[in-house]
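Here's a quick briefing to read alongside the structure. Have the viewer open and click through the residues as they come up.

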Amino acid sequence: MTTASSPENRTILITGASSGLGAEMARQFAALGYDVGLAARRTERLAELEAEIRAAHPGRRVALRPLDVTDHAAVFRVFGELREELGRLDRVVVNAGLGKGARLGTGRFDANLETAMTNFVGALAQTEAAMEVFRAQEAGHLVMVSSMSALRGMPSSMTTYAATKAGVAHLAEGIRTELHGTRLQKRIKVSVLYPGYIRSEMNDQVDQATPLMSSTEKGVRAMVSAIEKEVADACVPPLPWAAMAPVMRHAPLGLLKRLI
């Protein structure tokens, strides 16, 4: 069985691949020689991305599936179909998510529920489906896209979003802990990425002039580098977020609120 780190014929499945970080990851992994499985709700965007990748890299295989990650049965079906079409899944990037939310207690439970169901329960379904594949293969690399906001409880409209991103990080760490010391520890890898401000559709509302905002290409390059190294955890891009992580984790609430 070829493992996730084998140099040839690698495959990767990316959810939420129709735009933003997911689409750019697909471009960059295809450039590195990966065959890519892409899943998202917006199929027209996926078709455009497929055409772009095939034009740039004629030798790459690109497999597409429409997927709403809140349709849990569809998650398992799509992961199985993409594994069959590509021959195996060396890496799965759990990336699909929402950035919407509202202050708790302001009558917008609907927005917070949608975020929780997509970002956490949807991620749970993807993780279950990926791990079923990896256990059957006895090899694979699970990549969970969390957020720097997961390091502390966030205020206002970010509260639910940050909680879901903390939840997915704990899912990943739980799997890593389970595998530690077993024969699968070296064959099934688990990584959690904590992106800071990386330009995407999800954060269009963030001030464009903030010095902390990274371009999509640069930010995703840092994500791809961390994935390729199979690190356990990574704040991306490393500067300034790796340095800010201890501050965010331990700063008094008054200071934290001013920072964010």
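What follows covers the cores, one helix, some salt bridges and a surface patch.

This is a predicted model, so keep that in mind throughout. Its largest nonpolar core has 43 residues, and a second, separate core has 30. The salt bridge count comes to 18.

**The nonpolar cores**

- In the 43-residue core, the residues with the most contacts inside it are Leu-67, Phe-79, Val-92, Phe-134, Leu-142, Met-148 and Tyr-194.
- Two or more residues of this core come from each of helix H3 (72-86), strand E4, helix H4 (109-137), strand E5, helix H5 (159-179), strand E6 and helix H7.
- H4 gives the largest share of this core, with seven residues.
- The second core, separate from that one, includes Ala-26, Tyr-34, Ala-40 and Leu-193 among its 30 residues.
- As background, nonpolar side chains in soluble globular proteins tend to be buried together.
- Try centring the view on Met-148: leaving aside residues up to four places away in sequence, Met-148 touches Tyr-194, Pro-195, Gly-196, Cys-235, Trp-241, Ala-245 and Met-248.

**Helix H6**

- H6 runs over residues 216-229, and its 14 residues should span 20 Å at 1.5 Å a residue; the end C-alpha atoms are indeed 20 Å apart, so the two agree.
- Which residues of H6 are buried? They are Gly-219, Val-220, Ala-222, Met-223, Val-224, Ala-226 and Ile-227.
- The cover over those buried residues includes two helices, H1 (20-31) and H7 (238-250), along with strands E4 (91-94), E5 (140-145), E6 (188-195) and E7 (233-236).
- Right after H6 comes Glu-230, with a positive phi near 55 degrees.

**Salt bridges involving H6**

- Within H6, Arg-221 pairs with Glu-217, and their closest N and O atoms are 3.2 Å apart.
- Arg-221 and Glu-217 sit four residues apart, about one turn of the helix.
- Arg-221 counts as partly exposed because its relative accessibility is 44%, and Glu-217 is partly exposed too, at 46%.
- Glu-228 reaches out of H6 to meet the side chain of Arg-10 in a salt bridge, at 3.5 Å from N to O.
- That pair links distant parts of the chain, 218 residues apart, with Arg-10 in the segment before strand E1 (11-15) and Glu-228 in H6.
- Is Arg-10 buried or exposed? Arg-10 counts as buried because its relative accessibility is 11%, under the 20% cut-off.
- Glu-228 has 29% relative accessibility, so this residue counts as partly exposed.
- Arg-10 and Glu-228 also belong to one network with Arg-91 and Glu-230, joined by salt bridges that share partners.

**A salt bridge between E3 and H3**

- Arg-65 forms a salt bridge with Glu-85, with 2.9 Å between the closest N and O atoms.
- Arg-65 lies in strand E3 (residues 62-66) and Glu-85 in helix H3, which puts the partners 20 residues apart in distant parts of the chain.
- Glu-85 counts as partly exposed, given its 41% relative accessibility.

**The surface patch**

- Val-247, Leu-255, Leu-259 and Ile-260 form a nonpolar patch on the surface, and together they have about 310 Å² of accessible area.
- Leu-255 belongs to helix H8 (residues 253-259).
- With 34% relative accessibility, Leu-255 counts as partly exposed.

Notes:
Residues numbered from 1 in each chain as written. Predicted model: local features only at pLDDT ≥ 70, side-chain atom pairs only at ≥ 80, totals over all residues. Heavy atoms only, no water. Patch = residues over 30% accessible without salt bridge, like charges linked within 9 Å, V, L, I, M, F, W, Y side chains within 5 Å. Areas by Shrake-Rupley, 256 points an atom, 1.4 Å probe, with all protein chains shown as cover. Salt bridge = Lys/Arg side-chain N within 4 Å of Asp/Glu carboxyl O. Buried < 20%, exposed > 50% of the residue type's maximum accessible area, 1.4 Å probe, protein only. Expected span 1.5 Å × (residues − 1). Contact = heavy atoms within 4.5 Å. Core = buried A, V, L, I, M, F, W, Y, C linked by side-chain atoms within 4.5 Å.
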